[in-house]
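User: I would like to go through this model and ask, for several of the labels attached to it, what justifies them. Please set each value against the cut-off that applies.

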Amino acid sequence: MMTRHRTANRSTLALAAAAMLVGANWHAQAAEELPFETATAEMARAPLERVYDGTVEAVNRATMSAQTSGRVAELFYDVDDYVEPGEPIVRFTDAEQQSALRQAKANLEAALARQQQAVAEFRRAEGLYQSGSSSKREYDQALAARDAAVAGVDAARSAVETAEQQLEYTLVRAPYAGIVTERHVEIGEAVAVGQPLMSGLSLESLRVVVELPQQVAARVRDHKGASILTGEGRVEAERVTIFPFADSASNTFTVRVELPDGQFALYPGMFVKVAFIVGDAERLLVPTRALLRRSEVTGVYVVSKDGDVRLRQVRAGNTFDDRTEILAGLAEGERVALDPVRAGIYIKSQAVANDEE
């Protein structure tokens, strides 16, 4: 009887073990048949950052000033207008410059005539000197007159170039593409050399200026890495420049964070957050595409070991490349769905199937 009882118990245990094995295989199969990919939350070393406020400013900004005197005849642009590079922005009256150019050209013609005459006289004097019909003194006088005439032509040509440049200055052109920020003159106003005409800046090249405490500046100098945090995400800095001296009043170091060229919905004068790398630390990371954001709530679809899929709220931190730090709500080793939309559809389909059963 004892032997028969033990045999029965062994059979029962074997059946139970087989049932558990079948159940495990079913859950593994169910997990494999999920209509979306999954990833595991892993601990990894990621940059340690400190965030500070910064101000956006344009790298290229300038005030165009008059390089010749005159009266403003035409203004082609006004404040907030976009200007292409090389486009005219202000035109002066050019009567004086045109007159000066005509006079310079006339002086050049006269100098060329004097040069031609001096060269001819020098050739005659040279021939007479070589034949012994004239003195060395007369030859030297003809040579000096020729050289003076040649120098006079060079001076006249320089005067023509100067006059042409002064005429060119009556049409002020934009040095680069940008936005007009301020207009300093009106039509009909007389301007002198050096007087401001228009101010502008370029939105293509931007940077952020940050004041860093002296305790942090040394660590930032060692790593030279930073990111600008915007509403659209992170923008990696192209270069970080730390001034080699501190402000005596605030004991802070000025840092320039250069942005790559592009449109980031940033404008000069805006305040932004800048994350500076000051070291590294262990962080719990998941692929960024696994996050589901609805208003101010962030969640992930967690896949359990038996294949159940549940939506769980988490608290997300910074993003590093294509992965995001999870500060709370998830543990290391848990699997998350990489396609939240398909995971949500899958949960709804399973709920409908269970209701039908």
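Analyst: This is a predicted model, and by the rule used for salt bridges the count comes to 14.

User: What makes K136 and D140 a salt bridge?

Analyst: The closest N and O atoms of K136 and D140 are 2.8 Å apart, and because the rule asks for a Lys or Arg side-chain nitrogen within 4 Å of an Asp or Glu carboxyl oxygen, the pair qualifies as a salt bridge. The two residues are 4 residues apart in helix α3, and so about one helical turn separates them.

User: Why are K136 and D140 called partly exposed rather than buried or exposed?

Analyst: Buried means under 20% relative accessible area and exposed means over 50%, with partly exposed in between. K136 has 42% and D140 has 34%, so each is called partly exposed.

User: How do you know that E168 and R173 form a salt bridge, and how do they stand on accessibility?

Analyst: Their closest N and O atoms are 3.7 Å apart, which is within the 4 Å limit, and therefore the pair is counted. E168, at 40% relative accessibility, is partly exposed, and R173, at 37%, is partly exposed as well.

User: Which residues are linked in a network of salt bridges?

Analyst: R45, D280 and E282 are linked in such a network.

User: Why is E49 called buried?

Analyst: E49 has a relative accessible area of 12%, and the cut-off for buried is under 20%, so the label follows. E49 is placed in strand β2, and, leaving aside neighbours within four places in sequence, it is in contact with R234, A275, F276, I277, V278, R283, N318 and F320.

User: What is the span of helix α3, and how does it compare with the expected one?

Analyst: Helix α3, residues 136-168, has 33 residues and reaches 48 Å from its first C-alpha to its last, close to the 48 Å expected at 1.5 Å a residue. Its buried residues are Y139, A142, A149, V153, A156, V160, A163 and L167, and these pack against α2 and β7.

User: What makes β14 and β15 a pair of strands?

Analyst: Pairing requires at least two bridges between two strands, and 5 bridges join β14 (residues 239-246) to β15 (residues 252-258), so the requirement is met. The two strands run antiparallel, A246 has F253 in β15 as its bridge partner, and the hairpin that they form has 5 residues between the strands, with N251 in the turn showing a positive phi of about 55°.

User: How do you know that β4 and β9 pair?

Analyst: Strand β4 (residues 70-75) and β9 pair in the antiparallel sense over 2 bridges, and since at least two are needed, the strands count as paired. G70 stands opposite V191 in β9.

User: Why do β7 and β9 count as edge strands?

Analyst: The open sheet of 4 strands has the order β7-β6-β4-β9, with antiparallel pairing. β7 and β9 each have a single partner strand, so one side of each is left without a neighbour in the sheet.

User: Which residues touch the most other members of the largest nonpolar core?

Analyst: Of its 25 residues, V208, I228, V257, V274 and F276 touch the most other members. Apart from this core lies another, of 15 residues, among them I89, V172, A174 and L197.

Definitions and conventions:
Residues are numbered from 1 along each chain as its sequence is written. This is a predicted model: local features need pLDDT of at least 70, side-chain atom pairs count only at pLDDT 80 or more; totals for chains, interfaces and linings use all residues. Side-chain values use heavy atoms; hydrogens and water are left out. A nonpolar core is a set of buried Ala, Val, Leu, Ile, Met, Phe, Trp, Tyr and Cys residues joined through side-chain atoms within 4.5 Å. Buried means under 20% relative accessible area, exposed over 50%, partly exposed in between (1.4 Å probe, protein chains only). The expected span of a helix is 1.5 Å times one less than its number of residues. Contact means heavy atoms within 4.5 Å.
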